[in-house]
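Welcome! Let us take a walk through this protein together, one stop at a time.

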Amino acid sequence: APEVESPSLFSGDLGRTFEDRGLGLTLLVVFVLGLALNLTPCVYPLIPLTIAFFSSQTGGRSRRVALASSYVLGLAAMYSALGVFSALSGMLFGAWLQLPAVLIFFALLMILLAASMFGAFEIRVPHFISDRAGARGGLAGAATMGLLAGIVAAPCVGPFIISLIALVSQKGSVAFGFILFFVLALGLGLPYLFLGIFSTAAASMPRSGPWMVQIKQALGFVLIAMAFYFLRPLLGDTVYHWGVGLSLLVGALFLLLMRRSSQGAFALRAVLGVTLFAASLFFLWPRATGPAVQWASYDEASLAAARVQGKPVIIDFYADWCLPCKELDARTFTDSAVVSESSRFVRLKADLTRPGPSTSRLTEQYAILGVPTIVFLDSSGKEIAPVRLTGFEKPEPFLERMKSVR
């Protein structure tokens, strides 16, 4: 078996962290993990959603803090409920959030939010809340917007919290699971606490309208691009790249060519336009293609043959709706060093896209909680548990995993 170092505090192995360090430090790790979730694309729409809602609010500092806190608590409550449901439902995390109907819903939601960024309508507190809450309507409305934001944030952060789900499932306590997911969501929501306070304060600043409108317009084009992001599993990679790239390119041209109003306003439009243009090139620029890891479909006969030949095995558990799986295929499994090292393995892909007896059997046999999950078997056919991977990983650390397997 390979030598595996003891996990550091932020290693991501939450089960061992909990056993070795206790609940307090585990909650700290979970909070930091929540902060890291802000780097995932599904969370980006929360930025314009937060700005749009809070820029229409008024009040002093205490009210701004109260509104932003209610918003974050609403987000945390929704995400905690989603996480605990996923942990206790026995489903692969993210599977029910990546059904075609759900993906189309999120894409339409992005278009709807983009329309609000362009001034088609204003995001307001729902009347059924404000009418019943009276003077507290602002706080209740902020909490409701946070609940909606939690739904928007949920689809593509699953691979980051599989170890958290495993820990909750192991303990079997709803209260324990809710606390962990609540702390995770508080980390996720912390930047939006400050963004909400800033946006509300900006609304009360004199002559804040023009620059806020330009920022909203830029974010509107980002939201249109996000619609293509959510539809990627349905449309394919080619349509995804062109859709995102052209959305950002049109946004850049719109901002750069619109008529000037003042020198300061033009400077902001130029910065936003150049930023969108640079981002569009990332998606539109032709990608060089090279060799990639070659896989065979998973079957027991291949495993038996590997044991007879004395060869180690890599099993890639994936699903068509899994965006991090596509990222692994595009970035990690095309790396020349990874491709070369993979030649000494039997390489198998196990498709968990559709629920069914075979999917249930594999997920139970290998204790798969989410995709992507990469399982390594040694030359005798036994899994090397410490090097199991869940989620995306860059080529360099993945190569080190492979080298440790014999």
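In which helix is Leu-108 found? Leu-108 sits in helix α5. Keep in mind as you look around that this is a predicted model. With a relative accessibility of 57%, Leu-108 counts as exposed, because exposed means over 50%.

Leu-108 also has company at the surface. Together with Ile-104, Leu-234, Leu-235 and Val-239, Leu-108 makes a nonpolar surface patch of about 420 Å². Two helices, α5 (100-117) and α10 (209-235), each supply at least two residues of this patch.

Now step back to take in the whole protein. Its secondary structure comes to 17 helices and five strands. Of the 406 residues in the protein, 48% are buried. The protein exposes about 19100 Å², and 65% of that is supplied by carbon and sulfur atoms. How do the parts of the chain meet one another? Take the contacts between residues at least 6 apart in sequence: 75% of them join residues at least 24 apart.

For a single pair with a long stretch of sequence between its members, look at Gly-177 and Ser-80, which are 97 residues apart in sequence. In space, their C-alpha atoms are 8.1 Å apart. Gly-177 belongs to helix α9 (residues 174-203). Its relative accessibility is 0%, so Gly-177 counts as buried.

Next, visit helix α2, which covers residues 23-36. Its 14 residues should span 20 Å at 1.5 Å a residue, and the C-alpha atoms at its ends are indeed 20 Å apart, so expectation and model agree. Which residues of α2 are buried? They are Thr-26, Val-29, Val-30, Leu-33 and Gly-34. Looking down the axis of α2, you will find these buried residues within an arc of 145°, which means that they line one face of the helix. A general rule helps in reading such a pattern: an α-helix has 3.6 residues a turn, so residues three or four places apart point the same way.

Our last stop is helix α11 (residues 237-257). For its 21 residues, 1.5 Å a residue gives an expected span of 30 Å, and this agrees with the 30 Å between its end C-alpha atoms. The buried residues in α11 include the glycines Gly-243, Gly-245 and Gly-251. Also buried there are Tyr-240, His-241, Val-244, Ser-247, Leu-248, Ala-252 and Leu-255. Val-239, from the nonpolar surface patch where we began, has a number that falls within the residues of α11.

Methods:
Residues numbered from 1 in each chain as written. Predicted model: local features only at pLDDT ≥ 70, side-chain atom pairs only at ≥ 80, totals over all residues. Heavy atoms only, no water. Helix = DSSP H or I, 4+ residues; strand = E, 2+ residues; numbered from the N terminus. Expected span 1.5 Å × (residues − 1). Buried < 20%, exposed > 50% of the residue type's maximum accessible area, 1.4 Å probe, protein only. Arc of directions from axis to C-beta. Contact = heavy atoms within 4.5 Å. Areas by Shrake-Rupley, 256 points an atom, 1.4 Å probe, with all protein chains shown as cover. Patch = residues over 30% accessible without salt bridge, like charges linked within 9 Å, V, L, I, M, F, W, Y side chains within 5 Å. Salt bridge = Lys/Arg side-chain N within 4 Å of Asp/Glu carboxyl O.
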